[in-house]
Amino acid sequence: MIKPTQLTLELPHDPAIGSEDFIVAPSNSAAFELVHSWPNWPSQWVMLTGPEGCGKTHLLWAWRELSDASLVRAQDLPGYDPGALVAKGALGIEDLGEDGIDERALFHVLNAAKEANASVLMTARRSPMEWGLEIPDLLSRLRLATPVAIDEPDDGMLRAILVKHFSDRQLHVEPHVIDYLLTRMERSLGMAARVATALDRLALQRKTRITRHIAGEVLDGLDPITSE
């Protein structure tokens with residue numbers, strides 16, 4: 001029996017993930033424009049890379065709205081029929097290269113996509129050249145994908161992302177608290193997401209608004225995001 005090809009976001013809130021909700025900035029404009037240029041991509045497949053929390057999932061879901069693609073997490077590939085995954089002519093694969101990968105399953109899916117002339121949008125934190133792949137033919141397949149990267153944000157982008165995270169969670173955070181966070185937090189999109197989640201949880205637990213004091217508690221309790 002073939003599993004349904006619907007990727008489920010395991011998030012404690014309901015994020016705005018349409019194209020109109022994506023914050024375009026110099027760090028991600030190339031990725032945004034390439035993804036939304038479908039079906040006029042320079043190649044059949046696209047490899048979208050970038051750090052944690054940079055918006056890869058958001059772009060993947062926005063592309064799904066545009067292409068009606070099937071979506072699947074990389075770790076779940078072995079449980080699917082490759083032909084069924086590409087049957088709609090468009091497939092999104094999330095989180096490739098993370099925590100190991102079933103190389104044969106990915107190879108078979110890409111072969112099926114090639115035969116079906118299906119578009120494939122893949123997301124990963126790092127380039128396939130850094131995954132330590134053992135099947136040379138798989139690396140050859142992945143080299144057929146057009147690469148595009150999302151970089152770490154500038155100050156304006158990081159502020160906008162924090163505001164969006166709070167808005168998604170229906171949290172009102174005063175501008176001076178956001179200023180405080182920006183001067184003290186690790187400057188990455190992944191940390192912005194973690195900060196918003198932790199503040200939401202603590203404010204709900206204490207039934208209080210988010211203040212600089214609570215923001216300081218959260219920042220002191222979060223471990224840094226280590227590079228891979």
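In what order do the elements of the chain run from the N terminus on? In this predicted model, the order is α-β-α-β-α-β-α-β-α-β-α-α-α-α. The chain thus listed has nine helices and five strands.

Of the 228 residues in the chain, 48% are buried. The accessible surface of the chain amounts to about 11,600 Å², and carbon and sulfur atoms contribute 49% of that area. Among contacts in the chain with a separation of 6 or more, 75% join residues that lie 24 or more positions apart.

Strand β1 spans residues 45–49 and includes Thr49. The relative accessibility of Thr49 is 13%, and the residue is classed as buried because this value falls under the 20% cut-off. When neighbours within four places in sequence are set aside, the contacts of Thr49 comprise Lys56, a run of residues made up of Ala124, Arg125, Arg126 and Ser127, and a further group consisting of Val148, Ala149 and Ile150.

Toward the other end of the numbering, helix α9 covers residues 212–221. Its buried residues are Ile214, Ala215, Gly216, Val218 and Leu219. The cover over these buried residues of α9 includes two other helices, α7 (175–184) and α8 (189–206).

Technical notes
Residues are numbered from 1 along each chain as its sequence is written. This is a predicted model: local features need pLDDT of at least 70, side-chain atom pairs count only at pLDDT 80 or more; totals for chains, interfaces and linings use all residues. Side-chain values use heavy atoms; hydrogens and water are left out. Buried means under 20% relative accessible area, exposed over 50%, partly exposed in between (1.4 Å probe, protein chains only). Helices (H or I, at least four residues) and strands (E, at least two) are DSSP runs, numbered from the N terminus. Contact means heavy atoms within 4.5 Å. Accessible areas come from the Shrake-Rupley method with a 1.4 Å probe; for residues, only the protein chains shown count as cover.
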